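Have your viewer ready and the cartoon display switched on. We will walk through one selection at a time, so keep the selection panel within reach.

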Amino acid sequence: MPKLTVKSATLLVLAVLIAVTPFFFPSGYYYRVGALIFVNGLAVTGIVILTGYAGQISLGHAGFAGIGGYACALAPEYLGLHPALAMVLGAAVSAVLAYLVGRPILRLKGYYLAVATLGFGILVSMVLNNERDLTGGPDGIAVPELGLRGVLKDWGLNLSNGQFWYFFCGIVLLLGAWIALNLYQSPTGRALRALHGSEVASGTVGIDVARVKLQAFVISAVYASVAGSLVALQNKFITPDVAGFMHSIEMVTMAVLGGAGSVLGAVFGAGILTLLPQALTVLAEYEQLVLGLVMMLVMIFLREGLLPSILRRLRGRGE
Amino acid sequence: MTLLSVEGLGIAFGGIKAVHDVSFRVEPGEIVSVIGPNGAGKTTLFNMISGVYRPGAGRVLLEGEDVTGMAPFRLAQRGMSRTFQNLQIFQNMTVLENAIAGFHLQERGTVLADLFNLPSSRRRARQAEAGARELLARVGLERAADREAASLSYGSLKRLEIARALAMRPRVLLLDEPAAGCNAVETEEIDHLIAEVAASGVAILLVEHDMKMVMRISNHIVVLDHGEKIAEGAPAEVSRNPAVIAAYLGTEEAADADG
């Protein structure tokens, strides 16, 4: 039974956080920050599956976020799709691309995935920057309205734009967390964690290591893609930065900072790294410096990531 | 039908023949031990049979099918399982999860069912867990089920690895020094376990340094020295074989000289 409680406890904590924090918002602006945290948390949950469960590192996941984001801008215009369907299309394209990119690479051991995904991310970013006619280039492109807020209004639920995106992203995050937690305890998730523990032993129990790695890669690409779509739809605008190298690094850093092994840790990491730069703006040009220092300290003293380390300390004190 | 047959297996590393022209067979229910001084090529032989190394020469047949150099996971699907001399435990998982991992081939289903926690996924996981608990009881680890695998003693990890290998219901089981680092009582327990598994019709190939154990439980012994088979036969024959005695005493003298 303890497994069940980890899952339901995580979902409960998340749900309560999403529901209760707005009461402490000093202004409407914080709904935006909250929504951004949830979207980042969603992308990082995908990284948890890839890195935390399966032990593989990708440095190009922003590429999938870019595909998800631009799908919402381009598919409605050129294919006449509803933005919601565009999001699904983006996720499907990301999944197929992840499969094609991952298939040859994931047969190899070592850091080939990190290097190849790095290349993939840069490639996507270059295409988005240079195909001006299609993507608008570095200036970005407009994204149509999702339209769900209007539907809710017709049903009598009148939310401000900020409120709507806060709760919508929160719900999507909950869904993503639920799926990731399902996976953790499932046969597939066990196989992922097994190959993280020992690829040699995984082979001897019949796990097709290359195949399982590929599954994790595709799943995490879909998470990044959906997160990219949500950013685009919320801002009604998107620039190639969403697919940039820094964004990829940010995702991995959030996961590692919070604790790559746990979904709650990932959201925690996303929260801190989304908030910290806002808090550090007072430091002006030293912001990056302090940010780097904080990360180094965490990696040196709390190697499992913030949340697992804190929980361990608390538990240790209780015993 | 012969379950496992090894024909003229050989491999060289950088021009040095680590194993050369080794042949033998293992029948269902039989325990065949590979012995030999340190560095004789026992583990290399194991690694070739279990697909970790691709042999340079010879063939490995599993129930008549040529499986030479096949990836370990494919061999597992065909009923071959193994343990490792230097332990390959999933250190990031609990004892129970390690044992459940052994049920991978029986519990795996579609990824979508796992992502959405569908009843089929839960049922498979439940069945695997029940089977794993049973196996842990069989190797005396049922009370450690929820502990982190990394926290177990060496002897317990050895037994956990055997439990995980048994979870696959293998028809051929390769055990690389299952009793190494275990005390006398634990060794005897492992003894019984191996004999029991063999009695159920599994073909067992064993590498072990504990000669008393080898003599006690083996049906057939293959002796390696410098990568070549120098003798084989029933335990009593092998222990009287002058070449075998010379190989063992010879290396011990060499070992003294090295030290």
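Start by selecting residues 187-197 and 209-235 of chain A, which are helices α9 and α11. This is a predicted model, so keep that in mind at each stop. Draw the two helix axes: they come within 10 Å and cross at roughly 110°. An angle from 65 to 115 degrees counts as roughly perpendicular, and α9(A) and α11(A) are therefore described that way relative to each other. Look along the crossing and you will find that α9(A) passes α11(A) in a left-handed sense.

Now show side chains where the two helices meet. From α9(A), pick A:Thr188, A:Ala191, A:Leu192 and A:Leu195. Their partners on α11(A) are A:Val209, A:Val212, A:Lys213, A:Gln215 and A:Ala216. Colour this contact by residue class and you should see 6 nonpolar, 2 polar and 1 charged residues.

Next, bring chain B into view. Which helix of chain A gives the most to the side that touches chain B? Begin with the whole contact, which takes 25 residues from chain A and 32 residues from chain B. On the chain A side, highlight α8 (161-185), α9, α10 (199-204) and α11, each of which supplies at least two residues. The top contributor is α9(A), with 9 residues. So the helix from our opening stop turns up again here: α9(A) packs against α11(A) and also gives the most to the chain A side of the contact with chain B. Colour that side by class as well, and the tally is 10 nonpolar, 12 polar and 3 charged residues.

For a change of scene, select residues 61-79 of chain A, helix α3, and centre on A:Tyr78. Is this residue buried or exposed? It has 9 C-beta neighbours inside 10 Å, and so A:Tyr78 counts as exposed; the cut-off for that label is 12 or fewer. Then draw a C-alpha to C-alpha distance from A:Tyr78 to A:Glu131: the two are 15 Å apart in space and 53 residues apart in sequence.

Finally, zoom out to all of chain A. Its secondary structure comes to 15 helices and 2 strands. The radius of gyration is 19 Å, close to the 20 Å that the globule rule gives for 319 residues, so chain A is as compact as a globular protein of that length. Along the principal axes, the C-alpha trace spans about 50 × 45 × 45 Å. Colour by burial and 51% of the 319 residues count as buried. As a last overlay, try a contact map: among contacts in chain A with a separation of 6 or more, 77% join residues 24 or more positions apart.

Note on methods:
Residues are numbered from 1 along each chain as its sequence is written. Chains are lettered from A and ligands numbered from 1 in the order in which they are written. This is a predicted model: local features need pLDDT of at least 70, side-chain atom pairs count only at pLDDT 80 or more; totals for chains, interfaces and linings use all residues. Helices (H or I, at least four residues) and strands (E, at least two) are DSSP runs, numbered from the N terminus. The radius of gyration is taken over C-alpha atoms; the globule rule is 2.2 Å times the number of residues to the power 0.38. A residue is buried if 20 or more other C-beta atoms lie within 10 Å of its own, exposed if 12 or fewer, and partly exposed in between; C-beta atoms are placed from the backbone. Two residues are in contact if their C-beta atoms, placed from the backbone, lie within 7 Å. Axes are lines fitted to C-alpha atoms, for helices over the stretch in contact, and angles run from 0 to 180 degrees between N-to-C directions. Angles under 35 degrees count as roughly parallel, over 145 as roughly antiparallel, 65 to 115 as roughly perpendicular and the rest as oblique. A crossing is left-handed if the near helix is turned anticlockwise from the far one by less than a right angle, and right-handed if clockwise. Ala, Val, Leu, Ile, Met, Phe, Trp, Tyr, Cys and Pro count as nonpolar, Asp, Glu, Lys and Arg as charged, and the others, Gly among them, as polar.
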